[in-house]
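Open the model in your viewer and keep the sequence panel beside it. The stops below go from one selection to the next.

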Amino acid sequence: QVQVVESGGQLVQAGGSLRLSCVGSGRTFSSYAIGWFRRAPGKEREFVADISGSGGAPAYADSVKGRFTISRDNTKNTVFLQMNSLKPEDTAVYYCAAGPTRRRNEYLYWGQGTQVTVSS
């Protein structure tokens with residue numbers, strides 16, 4: 001089992017950048033795929049990006065491709081989401097989740113979320 005905690009969310013102007021962090025507990029952190037998801041007010045939770053346990057093959061939602069970058073540092077049990085060229089529609093609570101695979105329904109361990117607000 002692993003626990004994850006997100007941080008880094010804040011209010012930012014459109015066009016700005018933020019870096020979110022997801023810190024995991026446990027010695028087996030590197031064996032877990034990590035995904036970032038978000039939920040905007042009044043909308044369903046949606047996939048943003050994910051990365052394998054080894055840090056390879058990052059994948060992105062079309063809406064963030066070219067603007068967001070996911071990476072991980074397993075020596076620090078941390079996964080990052082670098083968000084550039086932010087838009088008001090990126091406003092949401094961002095969650096990271098850990099799972100044994102990258103299948104969306106196998107992300108089992110979720111953090112509490114961090115709020116990102118992008119002002120126009």
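Two strands count as paired if DSSP finds at least two bridges between them. The model shown here is predicted.

**Stop 1: β9 and β11.** Select strand β9 (residues 92–99) and strand β11 (residues 114–119). The two run antiparallel and are joined by 3 bridges. To find one of the contacts, pick alanine 92, whose bridge partner in β11 is valine 116.

**Stop 2: β2 and β11.** Keep β11 displayed and add strand β2 (residues 11–13). Here, too, 3 bridges make the connection, but β2 and β11 run parallel. Glutamine 13 is bridged to serine 119 of β11.

**Stop 3: the two faces of β11.** Turn on side chains for residues 114–119. Which of them are buried? Thr114, Val116 and Val118 are, and they point to one face. Gln115, Thr117 and Ser119 point to the other face and are not buried. Val116 is thus on the buried face, and valine 116 is also the partner of alanine 92.

**Stop 4: the disulfide.** Select cysteine 22 and cysteine 96, which form a disulfide with their sulfur atoms 2.1 Å apart. The structure holds 1 disulfide. Cysteine 22 sits in strand β3 (residues 18–24) and cysteine 96 in β9, so the link ties together parts that are 74 residues apart in sequence. Look along the S-S bond: the angle about it is 70°, and the link is right-handed.

Finally, colour by accessibility. Cysteine 22 has 0% relative accessibility and counts as buried because the cut-off is under 20%. Cysteine 96 is likewise buried, its relative accessible area being 0%.

Terms used. Residues numbered from 1 in each chain as written. Predicted model: local features only at pLDDT ≥ 70, side-chain atom pairs only at ≥ 80, totals over all residues. Heavy atoms only, no water. Disulfide = S-S within 2.5 Å. Helix = DSSP H or I, 4+ residues; strand = E, 2+ residues; numbered from the N terminus. Buried < 20%, exposed > 50% of the residue type's maximum accessible area, 1.4 Å probe, protein only.
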